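Biologist: Before we go through the labels, please put the model on the screen. I would like each one set against its cut-off.

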Amino acid sequence: MHQTSLFETPEPLASRIRPLTLDDYVGQKHLVGKGKILWQLIENDQISSMIFWGPPGVGKTTLARIIANSTKSEFIDFSAVTSGIKDIKAVMKKADEQRQFGIRTIVFVDEIHRFNKAQQDAFLPYVEKGSIILIGATTENPSFEINSALLSRCKVFVLNALEVDDILELLHHALNDERGYGNENIEIDDDSLYMIAVFSNGDARVALNTLEMSIDNGIKKDEKTIVSKEMIEQITSTKSLLYDKKGEEHYNLISALHKSMRNSDVDAAIYWLARMLEAGEDPLYIARRLVRFASEDIGMADSRALEIAIAGYQACHFLGMPECNVHLTHVVTYLSLSVKSNALYTAYEKAKKDALQTISEPVPLHIRNAPTKLMKDLHYGEGYQYAHDSKDKLTTMTCLPDSLKDKQYYYPTNQGAEAKVAIRLKQIKDWKQKHQK
């Protein structure tokens, strides 16, 4: 690993191990896989002006630097944050002069969406006459952030969030490469690396920064650095909750109220409500928990439960204690005596599990919004079926990602009004099965 002096700021891991060639580049196989369009342009040194559009940490800047290393051109790196029109014009003039001697100039502009219209316009004449090849990187939709005249002269490449496997490949590379931790004895198991990969949400920079922070804070033992799951949990957690005895009793009481209502024990529920209120509990806290209960434990079996819980919260907000105690009793009694269904809760938990495992799964093109020509050219909205155009207000269109096709999360019960919901859901599924091509 690179050694730093006492006063030198260490170079971040993400910067140290940045890939230098396409062979080392991870992800975006739809663009840079062997034989794909961008791979061919780079290999054949036929680069034209282009815009890289994608979320943070997916390799936009890295790809631009690889192009710089792979093509026979002078490379100029611009920052849209620090560069003004004067800087742009000076570089453009130099590029114009070099073009007369057959020297091609590639200008890379990171965060090009931060340039205003005048700054973007300054590039236009030089792009038009071929003095420069412009490569811009942006996290924002080019249709809205890039001048139409400039955008029409650039090829837009869409970069996707990295897959978990891509992130894992990067993490292993960082641990084994001499520019990373290849010369150090790091102990970290595969489960911990997977935690980091999932947490990063497709962002390589977040993943590498998390790994670096975990190692920096790891346990040093016998010239070895041990990174535990607990350490990663501390680094990646969004909040840490600590309770004293009073806090523990607070949660014991709300648990007792919740479980009594779930068990339809109205007298116990009212008792625990009184215990909380008379002990000085915030009535709005209780009201918020009742709103949650209305959907978690009753849901579609009686949708009125949610309306009444919301009304109870508003009554507490208007009146406060002690007057609102009767309103909370009203809500607790209604929720306790209502028919119960946890179908909504279980549906979300199943969907959450899949969502976390497929966090980078793209939205199918046919159900994406397509307000601009660029987005239509990228096939956004193509094949969309408008349900209101159908006699039955139903279509056979699939709205889940391909990897989750035909997945079912919501299974209605036969409790209360949810029994009617179950019938309606079966009618919809039967219709779709009958009309499936």
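Modeller: What follows takes a helix pair, a threonine, two cysteines and a strand in turn.

Modeller: This is a predicted model, in which local features need pLDDT of at least 70 and side-chain atom pairs count only at pLDDT 80 or more, while totals for chains, interfaces and linings use all residues. Residues are numbered from 1 along each chain as its sequence is written, and side-chain values use heavy atoms, with hydrogens and water left out.

Biologist: Why are H15 and H16 called roughly antiparallel?

Modeller: The axes of H15 (residues 283–298) and H16 (residues 304–319) cross at roughly 175° and come within 9 Å. Axes are lines fitted to C-alpha atoms, for helices over the stretch in contact, with angles from 0 to 180 degrees between N-to-C directions. Angles under 35 degrees count as roughly parallel, over 145 as roughly antiparallel, 65 to 115 as roughly perpendicular and the rest as oblique. H15 and H16 are therefore roughly antiparallel.

Biologist: Which residues make the contact between H15 and H16?

Modeller: Among them are Leu284, Leu290 and Val291 of H15 and Leu306, Ile310 and Cys316 of H16. Contact means heavy atoms within 4.5 Å.

Biologist: What makes threonine 61 buried?

Modeller: Its relative accessible area is 15%, and buried means under 20%, exposed over 50%, partly exposed in between (1.4 Å probe, protein chains only). Threonine 61 lies in helix H4 (residues 60–70); helices (H or I, at least four residues) and strands (E, at least two) are DSSP runs, numbered from the N terminus. Leaving aside residues up to four places away in sequence, threonine 61 touches Arg18, Phe108 and Asp110.

Biologist: Why is there no bond between the sulfurs of cysteine 316 and cysteine 324?

Modeller: The two sulfurs are 3.7 Å apart, which is too far for a bond, because a disulfide is a pair of cysteine sulfur atoms within 2.5 Å. The structure holds 0 disulfides. Cysteine 316 is buried at 3% relative accessible area, and cysteine 324 is buried at 0%.

Biologist: How do you know that E1 pairs with E4 and with E5?

Modeller: Two strands pair if DSSP finds at least two bridges between them. E1 (residues 50–53) has 4 bridges to E4 (residues 132–138), in the parallel sense. E1 also pairs in the parallel sense with E5 (residues 155–158), over 4 bridges. Phenylalanine 52 has alanine 137 of E4 as its bridge partner, and methionine 50 stands opposite lysine 155 in E5.
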